[in-house]
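I opened this notebook to record what I looked up in one model. The entries follow the order of my reading.

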There are 2 protein chains.
Amino acid sequence: MKNYTVAVVGATGVVGKEMISMLESRKFPVGKLIPLASERSIGASITFKRQDIDVEVLTPESFIGVDFALFSAGGSVSAEYAPIAAAAGAVVIDNTSHFRMQPDVPLVVPEVNSHALAGHKGIIANPNCSTAQMVLILKPIHDAVGIERVIVSTYQSVSGAGKDAIHELESQSRANLSGQNYDGKVFKSPIAFNVIPQIDVFLKNGYTKEEMKLIEETRKILEDPSIRISATAVRVPVFVGHSESINIQTRKPITPDQVRSLLRTAPGVTVMDNPTKGQYPTPRDLAGEDNVGVGRIRKDLSIENGIELWCVGDNLRKGAALNAVQIAEVLIGNMVPA
Amino acid sequence: MKNYTVAVVGATGVVGKEMISMLESRKFPVGKLIPLASERSIGASITFKRQDIDVEVLTPESFIGVDFALFSAGGSVSAEYAPIAAAAGAVVIDNTSHFRMQPDVPLVVPEVNSHALAGHKGIIANPNCSTAQMVLILKPIHDAVGIERVIVSTYQSVSGAGKDAIHELESQSRANLSGQNYDGKVFKSPIAFNVIPQIDVFLKNGYTKEEMKLIEETRKILEDPSIRISATAVRVPVFVGHSESINIQTRKPITPDQVRSLLRTAPGVTVMDNPTKGQYPTPRDLAGEDNVGVGRIRKDLSIENGIELWCVGDNLRKGAALNAVQIAEVLIGNMVPA
């Protein structure tokens, strides 16, 4: 069995660490792991298979001999270094939004559109965390009856904004519980015991960039630009796990029971939907899990062909690190994860 | 100026205390205040206009000579005692859901439908907290262009579930921050650093009772059963302030600027909508405020006549105590609050 040299760019970040953890726990055939980060991380090390590995400073020479380069260090780092890595012969799997909407860059959730990997040109994009979990749910429904329109409101955890954001929620919550004020730096409004209807920057159309990612990436992954989507992305005081309230208008009729049946056999999805027993997914149930949980599946009372549902996923796993490693797994084995 | 005898049923609860606070701060002409509660509150007192008043145990004789009886002690208490209070000549303003959908009981948000108070039969219903803030936003839009369909996802604070729920969020958050477990009693899932897609009990159609209240009460207050509504009600770890992501399909076209103009002159509403300055309402901005804040007003990209917006209100004020006192104000002065 061949072993691969894998570089992780942004190795000391929340997603980078999770990528390294996923490579280990999923037994990806890593011959050599190269953790890369900026100069700020000089002296840091990461643990992989019980070995401490020094973090190296990212340079243009970092990718010589690298088979896979997993990037999660921000859009500008990917913009500069991903082409260098690809030119050096590495396959780049990029977790930032920088390349996602470029027509010649596959944007892939393996359970949904692994075929899009064929003929890639060295750079493959990992979708936004909120998109990844939503398309797992939408794909089987779209295949069965066609999706006309989606209206989604999100409840996104702070880990999607990195380790400073995790620290801010923790410190601010602790301070507030002691009656102390705590001025945050990451979030523009207090995040402790609050919700903030802004993720990423605002665009001219009044949507945030996060909301437009959810809209555009979903269409690209489902390969159907005719699906009409609107989104509202909201930050909530949760550490790990994104939730989504999704309203789906279908082209042909489908019952909630049929949706449950479809999703029970969908790869990467766990149906958790028994209201009489109080069963539905919450972020604390799904944090640390690979699968995306779905519940609250019911007929939308306001329209003929409508379904309401609630989906929750670990934004660091399926929303980021897991999906990136799954893409690499497909590339080395031509296997679609199930 | 006439003074009134006002009884508050559930005077030691979160909403009851807020009702007493509202009566005082709004200078409602109270001649005598009678705080009522169950036997569990024997020995308790409340403060009104700097005077301590002993809480009395609720009995069928409690309402003799009472002009207004504000109820917020649960549906079963209202079911039993509201008719007794009304028969004794008091005007009951009931904050529970018990009477809301009865055809001969007015369900009133004064800024929206105070005319419905005419000819009341002694019992007037205060709407659900989530409904009250939403109809303030929907009413001007419905009057201007007609509302075809509403899809709402809520982000509701724990104070809507009472003081034990507030205590549970506080204690559980503190425990979790110290790495301790804390089993809650009020919520079926942990509420600290989590979101829970269930408020109130589940009904046969897969919706919760809270969601159906939002749907049915909105139609009753807007006096238009043809408005199609779907709702998802979610509890978030916030102490005070409910938020709502609202998608509105209108009958005639309307622009976001026109919506902002309409809402700027709407009573009880504050437009907080300047994305470039990072301005939008959050629960921590609106807690302790009378007005409902609205922002993120934008054209829904997924449909011709669609508007997306975000609204936040203090669920204890406009969502409960303030609205109840405003109803009493209209009744004594025939004035609509503005």
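The entries below concern one helix and then the contact between two chains.

**Entry 1, conventions.** I noted that this is a predicted model, in which local features need pLDDT of at least 70, side-chain atom pairs count only at pLDDT 80 or more, and totals for chains, interfaces and linings use all residues. Residues are numbered from 1 along each chain as its sequence is written, while chains are lettered from A and ligands numbered from 1 in the order in which they are written.

**Entry 2, helix 4.** I looked up helix 4 of chain A, residues 129-145; helices here are DSSP runs (H or I, at least four residues), as strands are (E, at least two), numbered from the N terminus. Its 17 residues should span 24 Å at 1.5 Å a residue, and the end C-alpha atoms, 25 Å apart, agree with this. The expected span is 1.5 Å times one less than the number of residues. I found that 14 of the 17 residues of helix 4 are buried (20 or more other C-beta atoms, placed from the backbone, within 10 Å of the residue's own). Just after helix 4 of chain A, A:Gly146 has a positive phi of about 80°.

**Entry 3, the two chains.** I read that 50 residues of chain A are in contact with 51 residues of chain B (C-beta atoms, placed from the backbone, within 7 Å). Among the elements of chain A that give two or more residues to this side are helix 5 (163-177), strand 9 (147-155) and strand 14 (306-313).

Note on methods. Buried ≥ 20, exposed ≤ 12 C-beta atoms within 10 Å, placed from the backbone. Contact = placed C-beta atoms within 7 Å.
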